[in-house]
Amino acid sequence: MAEPRTTLFIQSRTTDLGPVTVAYERKGTGESVVLLHGLGSHRLVWEPVVPLLTEDREIIAMDLPGFGESPDLNPGTPQDLDMTVAWLGSVFAALGVERPHVVGHSLGGLIALRLGQAGLARSVTALAPAGFWTGVERRYAYAVMNAGRQGARLVPQQALEVLVRNPRARAALASTLYGRSGLCPQHAAVRRTLRESAAFKAALRAGRAPVLFTGDIRDVPVTVAWGTRDRLLLPRQAGRVRAMIPNARLVPLHGCGHGPMRDAPELVARTILRATGSEKWSPLRLGHVGG
């Protein structure tokens with residue numbers, strides 16, 4: 001039986017920013033690991049991975065403002081990466097975690113790297129981080145995301161729920177995000193987060209900045225993992241991360257698409273445990289997956 005979820009809320013404040021309220025879940029014991037989701041997503045994207053981590057790590061999965069259950073930032077508040085790093089630092093303080101391990105996916109991966117650069121993370125694990133694209137690659141990714149959001153808004157929820165009962169239809173809907181789309185369950189395929197994310201457009205605007213990450217990350221262990229079948233942010237972008245952060249450890253997630261947490265949760269969990277210095281990351285414990 002699945003463990004019941006308990007949504008918690010915490011409010012923090014920085015000198016230059018009004019109050020920020022974040023929805024989160026906190027489970028497990030050990031060193032703290034913060035999980036950050038991607039654009040148009042929410043903390044539940046980590047559901048398949050969290051149970052594999054909580055024996056050895058305290059997991060804090062949160063909804064970024066304007067996504068999931070977190071209210072959006074106040075109107076007029078800048079939603080750029082510098083401000084995101086500032087309010088996340090205040091959230092960490094409010095949660096009582098000093099320099100947690102930070103794991104992020106896509107947009108969350110870019111944010112995790114910036115947190116590491118700011119000295120706010122003990123280690124960084126970035127799964128297919130956004131922002132290392134060319135102009136053409138960014139426009140392609142944006143077109144895919146906008147099309148997915150528009151489609152989610154046009155198809156009535158009831159009709160979508162009927163559609164995803166067909167395994168082939170469900171696999172087709174999930175093929176952009178997952179390398180093993182046939183494994184995507186019905187409840188994941190019909191979630192409304194993409195169409196209901198209040199901060200979706202603001203996040204896209206922020207992503208058009210000419211430079212989203214520059215420089216190195218020193219004195220913080222960095223792991224960058226990328227699905228070999230990622231059709232949204234192409235795997236070749238990992239080389240650009242490595243060029244900026246020469247000491248980063250690159251991990252290919254074989255057979256995974258842009259959402260490796262569902263494609264291969266054990267592989268992702270093993271990657272996180274190793275990246276956060278756990279002695280329990282061994283393949284003998286988690287099983288061999290991913291090819």
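Hi everyone, let me start with helix α11, residues 265–275, which is mostly covered, with eight of its eleven residues buried. Those eight are L267, V268, A269, R270, T271, I272, L273 and A275. Just past the end of α11 comes G277, with a positive phi of about 80 degrees. Please keep in mind that this is a predicted model.

Now to the sheet. Eight strands make up an open sheet with mixed pairing, and the order is β1-β2-β4-β3-β5-β6-β7-β8. At the edges sit β1 (8–14) and β8 (249–253), each paired on one side only. From one strand to the next, the twist averages 25 degrees.

Let's zoom in on one pair. β5, residues 101–105, runs parallel to β6, residues 123–127, and five bridges join them. Within that pair, V103 stands opposite T125 of β6.

What about the helices that go with these strands? α1 packs on the sheet, where it touches β1, β2 (17–27), β3 (31–36), β4 (57–62) and β5, and its direction makes about 120 degrees with that of β1. Helix α2, residues 107–117, lies across β3, β5, β6 and β7 (222–227), at about 150 degrees to β5.

Finally, the interior. The largest nonpolar core has 56 residues, and L36, M62 and L113 have the most contacts inside it. Helix α1, residues 81–95, gives this core its largest share, eight residues. There is also a second, separate core of 22 residues, including V33, V49, I59 and I272. That last name takes us back to α11, where I272 is among the buried residues. As for L36, its contacts further along the sequence include W46, M62, L88, V103 and I111. Thanks for listening!

Conventions:
Residues are numbered from 1 along each chain as its sequence is written. This is a predicted model: local features need pLDDT of at least 70, side-chain atom pairs count only at pLDDT 80 or more; totals for chains, interfaces and linings use all residues. Side-chain values use heavy atoms; hydrogens and water are left out. Buried means under 20% relative accessible area, exposed over 50%, partly exposed in between (1.4 Å probe, protein chains only). Helices (H or I, at least four residues) and strands (E, at least two) are DSSP runs, numbered from the N terminus. A nonpolar core is a set of buried Ala, Val, Leu, Ile, Met, Phe, Trp, Tyr and Cys residues joined through side-chain atoms within 4.5 Å. Contact means heavy atoms within 4.5 Å. Two strands pair if DSSP finds at least two bridges between them. Axes are lines fitted to C-alpha atoms, for helices over the stretch in contact, and angles run from 0 to 180 degrees between N-to-C directions. Lists of a residue's contacts leave out its neighbours within four places in sequence.
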